[in-house]
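Student: I should like to work through this structure step by step. May we begin with the terms that are needed?

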Amino acid sequence: MSKHPNMQEEQRIIHQILAGDTQLFHELIRPHERTVYMMALSFVHNEADAEDIAQEAFLKAFRMLAAFRGEAKFGTWLISITLNEARSRIRRNKDASTESLDTTPEEEGHVSPALLRDWREIPSEELERHEVKLLLQHAIASLPAIYREVLLLRDVEELNTVEVAELLKISIPSVKVRLHRARLMMQKTLAPQWKQMNPKRRWFQWS
Amino acid sequence: MVIECKHVWAYISDYLDGTLSPEIRERVQKHLEHCEICSAILDSTRNILILTADDRVFELPIGFSERLHARLERELINSELWGNDDPDQAP
């Protein structure tokens, strides 16, 4: 994918930065800005705090760059720094609107999908509409944290199951179970909402 | 062998990822051929996940990049002046 440069190219840039061409750090991180911001936002639900966490994560990445060994992708390494930064911030201001990191929803129990008789494809152009974006953002935000982070890493960032397991320090079966539940929760929340949102639209004739 | 709807729901995620065994995948597919509810659930889930992954869902705040790179620039200049020391600790 073009949005993420290949590993060799990134390694080359990292070597140059460590050799003293620090200005290249600007270029190195550009493809990762959105990801880091989004992961931060998924923890704090507040744009200003998310931006602050993102900035801190990038500064830490620069200071710690010599410790990056290239076993993981640079982008994955950045995400792990961001997760650490977000978690330590939440621990520091325990009060407030941030949610607890300690909640461990039981691994048992079923999530049932919303039942539908048919589904009209929602084209991605609909994302130009603010209300559609908001529905998605709210659905993601309303997932319990352990499901949300897996969903974002797997389905938005397209990391593979092993990468997510390593990043979150959980087992591969846990990644799969959480992802499955997260996906069904998204369907359960969003499918009925879309039904009510704009029944007059051509693409959305509900029987 | 026939499987019920609730079993199909348990396989949705693996079905979408293509990680079901061929045998189970075939059973799920057979079920989907005649079950409009499970088909609609699968289609809606797939559709919702495609939309979720779209870059337009989470946009960077206006000025995010500018503020980030300005702050980085200060850090980079400090690192050049003081070597690899933390600029906050620099004299």
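Tutor: Two residues are in contact if their C-beta atoms, placed from the backbone, lie within 7 Å. Please bear in mind that this is a predicted model.

Student: How many residues of chain B are in contact with chain A?

Tutor: The contact has two sides, and each is counted by its own residues. On the side of chain A there are 41 residues. On the side of chain B the number is 34.

Student: Which element gives the most residues to the side of chain B that touches chain A?

Tutor: The elements of chain B that give two or more residues to this side are α1 (5–17), α3 (36–52) and α4 (64–82). By character, the residues of this side divide into 18 nonpolar, 8 polar and 8 charged. The element that gives the most, with 13 residues, is α3(B).

Student: Where is the kink in α1(B) centred?

Tutor: The helix α1(B) has 13 residues and reaches 19 Å from its first C-alpha to its last, close to the 18 Å expected at 1.5 Å a residue. Its buried residues are B:V8, B:W9, B:Y11, B:I12 and B:S13. The kink is of about 50 degrees, and its centre is B:Y11.

Student: What elements make up chain A?

Tutor: From the N terminus on, the elements of chain A run α-α-α-α-α-α-α-α-α. Counted by kind, chain A has 0 strands and 9 helices.

Student: Which helix gives the largest share of the largest nonpolar core?

Tutor: The largest nonpolar core has 63 residues, and A:V36, A:A40, A:A54, A:F58, A:V150 and A:A182 have the most contacts inside it. Leaving aside neighbours within four places in sequence, A:V36 is in contact with A:A54, A:A57, A:F58, A:L78 and A:T82. The largest share of the core is 9 residues, and it comes from residues 172–197 of chain A, helix α9.

Student: Why does A:R89 count as partly exposed, rather than buried or exposed?

Tutor: The place of A:R89 is in helix α5 (residues 74–92) of chain A. A residue is buried with 20 or more other C-beta atoms within 10 Å of its own, and exposed with 12 or fewer. A:R89 lies between these limits because its number of C-beta neighbours inside 10 Å is 17.

Student: What separates the C-alpha atoms of A:R89 and A:M186?

Tutor: Along the chain, A:R89 and A:M186 are 97 residues apart. In space, the separation of their C-alpha atoms is 27 Å.

Key. Residues numbered from 1 in each chain as written. Chains lettered and ligands numbered in written order. Predicted model: local features only at pLDDT ≥ 70, side-chain atom pairs only at ≥ 80, totals over all residues. Helix = DSSP H or I, 4+ residues; strand = E, 2+ residues; numbered from the N terminus. Nonpolar A, V, L, I, M, F, W, Y, C, P; charged D, E, K, R; others polar. Core = buried A, V, L, I, M, F, W, Y, C linked by C-beta atoms within 7 Å. Expected span 1.5 Å × (residues − 1). Bend = angle between axes of the 7 residues up to and from the residue.
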